[in-house]
2 protein chains.
Amino acid sequence: MDFSSKLLENAVNEMSQLPGIGKRTALRLVLHMLKQPERQTEELSHALLQLRGAVQFCKKCHNISDTEFCEICTNPKRDSSLVCVVEDIRDVMAIENTGQYRGLYHVLGGKISPIEGMGPQDLTIASLVNKIRQGEVKELILALSSTMEGDTTNFYIFKQIEGMEVRTSTIARGIAVGDELEYADEVTLGRSILNRVPFEGTFNTH
Amino acid sequence: MDFSSKLLENAVNEMSQLPGIGKRTALRLVLHMLKQPERQTEELSHALLQLRGAVQFCKKCHNISDTEFCEICTNPKRDSSLVCVVEDIRDVMAIENTGQYRGLYHVLGGKISPIEGMGPQDLTIASLVNKIRQGEVKELILALSSTMEGDTTNFYIFKQIEGMEVRTSTIARGIAVGDELEYADEVTLGRSILNRVPFEGTFNTH
């Protein structure tokens, strides 16, 4: 692209470093900012700088937090004997939005993936194993995505805590509520039949 | 969404003010920044602040510029008797990328659109009319998009400069190079037949 302004070119180049934002989109966004009051660009820049400079991660569950320990871990109403292991901060938000879970979380920060150079030492697995060794956790819910990397990570964690006094479970896989059976993939449909639940048990989910 | 960090919430809210960026995308972008070195967020923020604070528009053609008059208007090799009227800075970039145009530009800053509350006084039409009245411009190329708003704006400009000594032209509409005739819309195909050009005239476009 042929920019007539170095300042514009620089802003577009920086913006297009973000994932999924190409040069054209970056240009559109930057030109939009030029049409808005200067205050708006200032607020965006300051919000980003402030977050990046002051962000903390909860020392217990590794979720993003403005304080040393996050609101979930410090909430006395939450069941600290139940820990749900997730990949990412966004998974915590997704589960919290359901309003169905009253336990704590443990954010791994990714999955074991040799291709992406992610080994167990890059994740918060050691801290998780430590937590379980201390004996407060009664049940560990493995809620990683059901990909090869997710399965590998699940298995690695399972091996690490073998013999410790903790139950492990994994979230139910099956046909999404409202989905038609005929369009479901075979693996999901197969698992949903194998892992069927007593009919009475489904009442409270409505 | 249920954020566990006010700083994160604030950054996501500011980011999602941008057009086409929803809350989910904003969250993805912001979490990406957290995984990158702090320097990257700083560079982005500074580039945006710098652009927004120091941006200028060329006093002659209203294109974005780092100086009082842009590089195109101050280039002695460009033909200042030829002015191409476009809506937007991006149109200048698109035409410059073709490498086919050696005249100057005039950036209107939009189109006349009563629905969006854009009247002639919101555009740089007065400055264009002034430029033509001074007599340096021999040909005005109207290169607005062929929508109702574009046609209205073309017609308004045409009326304003009626009687002045300037030729007006408009960019050719037709079937795109490489496109199949059978998939072209009727209006475009119709115009491309009415406005056919001598066969010899097409050689230099290849």
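**Exercise 1. A salt bridge within chain A**

Identify the residue with which Lys159(A) forms a salt bridge, and state how exposed the two partners are.

Solution. Lys159(A) pairs with Glu162(A) in a salt bridge whose closest N and O atoms lie 3.5 Å apart. The structure is a predicted model, and the distances below are computed from it. The next step is accessibility. Lys159(A) has a relative accessibility of 42% and counts as partly exposed. Glu162(A), with a relative accessible area of 48%, is partly exposed as well.

**Exercise 2. A salt bridge between distant parts of chain A**

Determine which parts of the chain are linked by the salt bridge of Glu87(A) and Lys111(A), and decide whether Glu87(A) is buried or exposed.

Solution. The search over all chains yields 18 salt bridges. In one of them, the closest N and O atoms of Glu87(A) and Lys111(A) are 3.7 Å apart. The pair links distant parts of the chain, its members being 24 residues apart. Glu87(A) sits in the loop between strand S3 (79-86) and H4 of chain A. Lys111(A) sits in the loop between strand S4 (103-107) and helix H5 (125-133) of chain A. For the last step, the relative accessible area of Glu87(A) is 15%. Burial requires a value under 20%, so Glu87(A) is buried.

**Exercise 3. A salt bridge within a helix of chain B**

Explain how the positions of Glu43(B) and Arg39(B) in the helix relate to each other, and describe their exposure.

Solution. Glu43(B) and Arg39(B) form a salt bridge, with 3.3 Å between the closest N and O atoms. Both belong to helix H3 (residues 38-54) of chain B. Because they are 4 residues apart in this helix, about one helical turn separates them. Side chains of opposite charge can pair when their charged atoms come close. As to exposure, Glu43(B) is partly exposed at a relative accessible area of 32%, and Arg39(B) is partly exposed at 47%.

Elsewhere, salt bridges with shared partners join Lys35(A), Asp88(B) and Arg90(B) into one network.

**Exercise 4. The interface of chain A and chain B**

Describe the interface of chain A and chain B by its area, its residues, its polar pairs and the elements that build the side of chain A.

Solution. Begin with extent. Chain A and chain B each bring 55 residues to the contact. The area buried between the two chains is about 5,400 Å², and carbon and sulfur atoms give 67% of it.

Turn next to specific pairs. There are 2 salt bridges across the interface. The side chains of Lys35(A) and Asp88(B) form a salt bridge, at 3.9 Å from N to O. In addition, 16 residue pairs are in polar contact across the interface.

Then assign the elements. In chain A, helix H1 (6-15), helix H2 (23-35), helix H3 (38-54), strand S2 (64-65) and helix H4 (89-98) each give two or more residues to the side that touches chain B. H3(A) gives the most, with 16 residues. By class, this side of chain A divides into 26 nonpolar, 15 polar and 14 charged residues.

Finally, consider Gln40(A), which lies in helix H3 of chain A. Its relative accessibility is 16%, so Gln40(A) counts as buried. Beyond neighbours within four places in sequence, Gln40(A) contacts His32(A) in addition to Glu14(B) and Gln17(B).

**Exercise 5. The surroundings of Ser81(B)**

Locate Ser81(B) and list the residues that surround it.

Solution. Ser81(B) belongs to strand S3 (residues 79-86) of chain B. With a relative accessibility of 17%, Ser81(B) counts as buried. Its side chain makes a polar contact of 2.7 Å with the side chain of Asp79(B). Setting aside residues up to four places away in sequence, Ser81(B) touches Glu136(B), Val137(B), Lys138(B) and Glu139(B).

**Exercise 6. Cysteines and disulfides**

State how many disulfides there are over all chains, and explain why Cys70(B) is not bonded to Cys61(B).

Solution. The count is 0 disulfides over all chains. Cys58(A) is in no disulfide, the nearest cysteine sulfur being that of Cys61(A), 3.7 Å away. Cys58(A) is buried, at 1% relative accessibility. In chain B, the cysteine sulfur closest to that of Cys70(B) belongs to Cys61(B), at 3.6 Å. A disulfide requires the sulfur atoms to be within 2.5 Å, so this separation is too far for a bond. Cys70(B) is buried, with a relative accessible area of 0%.

Definitions and conventions
Residues numbered from 1 in each chain as written. Chains lettered and ligands numbered in written order. Predicted model: local features only at pLDDT ≥ 70, side-chain atom pairs only at ≥ 80, totals over all residues. Heavy atoms only, no water. Buried < 20%, exposed > 50% of the residue type's maximum accessible area, 1.4 Å probe, protein only. Contact = heavy atoms within 4.5 Å. Buried area = accessible area lost by both parts, 1.4 Å probe. Salt bridge = Lys/Arg side-chain N within 4 Å of Asp/Glu carboxyl O. Polar contact = N/O pair within 3.5 Å; in protein donor to acceptor, adjacent residues only side chain to side chain. Nonpolar A, V, L, I, M, F, W, Y, C, P; charged D, E, K, R; others polar.
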